[in-house]
Amino acid sequence: MVDINEIRKRAQQASERASEAMKKTFEKSEELVRNLEISGSEKEAPASAAEAEEQVNANAERQVEILGQMFGAGGLAQIAANEELLQKMVNEKAAEAAASAMGQLLGEDMGLLAAALETLEMEEDGEEEEPAFDLELEQNLYTALEEAMARLEALPEPEPVPYQKNDAKWERFGILLSGILSALNHHDLYSMDVEEHIPVMEQKIVSLVRRSWGINGRSDLLDLIRYLTQEGYILRYQLYSEASSPEELMDETMDEDERKSVRRAWRFAQRYQSQYAPGFLAGWDVGRAAMLTRWGCYLGWLTESEAVGILWELSQKAAEELHSWREFAQSYLFGGLMWKLLCGDSSAGSYLGYLTDAATDLLTGKAEQDSGQWRACPWPAQRKIGFS
């Protein structure tokens with residue numbers, strides 16, 4: 001890579017050499033002029049002022065003539081041109097160095113930077129000291145969750161409509177299952193690709209998937225999608241709901257922080273077990289699996305036909321367990337809070353706010369012109385028997 005400091009150093013050296021050469025040139029010029037003046041002074045003094053003025057003019061003309069001989073025709077203009085050319089070269093090299101540095105930044109470093117900026121955007125209060133995760137905070141988070149779910153329940157939504165087995169709407173529906181995470185990451189929701197295929201965005205998605213999900217390729221991706229579709233938080237919530245005490249969920253390898261996490265999640269499940277069955281967590285599991293599927297397809301870890309097939313299966317699971325986009329969004333908030341409780345993240349209240357805003361935009365389309373995608377694609381009506 002071009003070293004910009006080295007370029008500037010060489011340019012400075014060239015400039016100093018040019019200045020030194022010009023200095024010597026003018027010194028020679030002045031010496032020649034002095035010789036002329038000396039030779040003139042050895043003659044008799046001019047008889048009149050007119051003669052004196054004529055002598056001065058002659059000396060001046062001679063000085064110009066000497067400079068012209070020294071630099072040649074257009075010599076002074078050439079010096080100016082050389083100065084301009086030197087500056088242009090420095091500017092071009094500086095631009096090349098900046099472009100090269102930016103090229104490296106737009107590689108893996110750019111992905112990490114984008115991910116970091118995204119985290120900062122999601123956690124505006126990240127620099128403030130987080131409150132202690134105590135029982136009072138838990139109660140406040142329960143209240144925030146219930147208020148957010150009530151807010152979503154009040155939103156308008158088209159009635160579910162029947163989908164035929166080979167209906168093209170299934171593919172659209174499958175993509176929209178990634179809606180909340182897509183909205184939070186400003187992804188496209190009109191095709192399988194989440195972003196335009198340019199190196200900057202590809203590196204950003206790779207970094208996001210590796211950093212946030214620990215996925216390094218196709219095998220990891222398929223394992224996680226399989227876990228979310230077959231077990232996920234549906235099973236976890238069921239286990240925590242059925243346990244008579246949090247100690248039943250612990251083992252001797254857990255440290256104190258892990259034990260606290262289990263207790264928080266157990267209290268959460270115990271609070272809501274009579275209100276929400278395990279299947280209610282389908283939105284949380286399916287929504288994330290759908291996003292991972294689209295990311296995998298975008299990165300080339302899945303073929304498009306594989307991604308379409310996975311989204312089809314996820315769509316059937318969502319339509320079987322849930323009844324509307326509102327309920328899907330409520331499920332996502334519900335699972336999201338359980339996850340935050342397990343993580344011990346006391347900023348969960350802000351997280352619930354982000355999820356609620358994203359779901360609201362998807363259902364109403366009021367916040368942005370390019371939103372309301374859920375509203376435009378009604379939820380599939382449930383069928384008592386198989387497809388006709």
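These notebook entries record what I looked up in a predicted model.

**Entry 1: a pair of helices**

I began with helix H11, residues 282-298, and helix H12, residues 304-321. Their axes lie 10 Å apart, and the two helices pack at an angle of about 170°. Because an angle over 145 degrees counts as roughly antiparallel, I noted H11 as roughly antiparallel to H12.

I then listed the residues that make this contact. H11 contributes Ala 282, Val 286, Ala 289, Ala 290, Thr 293 and Cys 297. From H12 come Glu 304, Ala 307, Ile 310, Leu 311, Leu 314, Lys 317, Ala 318 and Glu 321. Sorted by character, the residues of the contact are 10 nonpolar, one polar and three charged.

**Entry 2: Glu 313**

I looked up Glu 313, which belongs to helix H12. Is Glu 313 buried or exposed? Its relative accessibility is 52%, so I recorded Glu 313 as exposed. I also checked its distance to Thr 229: the two C-alpha atoms are 8.8 Å apart in space, while 84 residues separate the pair in sequence.

**Entry 3: cysteines**

How many disulfides does the structure hold? I found zero. I looked at two cysteines individually. Cys 297, one of the H11 residues in contact with H12, has a relative accessibility of 11% and therefore counts as buried. Cys 377 has a relative accessible area of 5%, so I entered Cys 377 as buried too.

**Entry 4: the nonpolar core**

I turned next to the largest nonpolar core, which has 87 residues. Which residues have the most contacts inside it? They are Ile 180, Phe 268 and Trp 374. I followed Ile 180 further, leaving aside its neighbours within four places in sequence. Its contacts are then Ala 329, Tyr 332, Leu 355, Ala 358, Ala 359, Leu 362 and Trp 374. Trp 374 thus appears in both of my lists. As general background, I noted that nonpolar side chains tend to be buried together in soluble globular proteins.

**Entry 5: helix H5 and its cover**

In helix H5, residues 169-176, I found these buried residues: Trp 170, Phe 173, Gly 174, Ile 175 and Leu 176. What covers them? The cover includes helix H6 (179-184), H11, H12 and helix H13 (325-343).

**Entry 6: His 186**

My last entry concerns His 186, in the loop between H6 and helix H7 (199-213). Although His 186 is not a glycine, its phi is positive, at about 60°. With 54% relative accessibility, His 186 counts as exposed.

Key
Residues are numbered from 1 along each chain as its sequence is written. This is a predicted model: local features need pLDDT of at least 70, side-chain atom pairs count only at pLDDT 80 or more; totals for chains, interfaces and linings use all residues. Side-chain values use heavy atoms; hydrogens and water are left out. Axes are lines fitted to C-alpha atoms, for helices over the stretch in contact, and angles run from 0 to 180 degrees between N-to-C directions. Helices (H or I, at least four residues) and strands (E, at least two) are DSSP runs, numbered from the N terminus. Angles under 35 degrees count as roughly parallel, over 145 as roughly antiparallel, 65 to 115 as roughly perpendicular and the rest as oblique. Contact means heavy atoms within 4.5 Å. Ala, Val, Leu, Ile, Met, Phe, Trp, Tyr, Cys and Pro count as nonpolar, Asp, Glu, Lys and Arg as charged, and the others, Gly among them, as polar. A nonpolar core is a set of buried Ala, Val, Leu, Ile, Met, Phe, Trp, Tyr and Cys residues joined through side-chain atoms within 4.5 Å. Buried means under 20% relative accessible area, exposed over 50%, partly exposed in between (1.4 Å probe, protein chains only). A disulfide is a pair of cysteine sulfur atoms within 2.5 Å.
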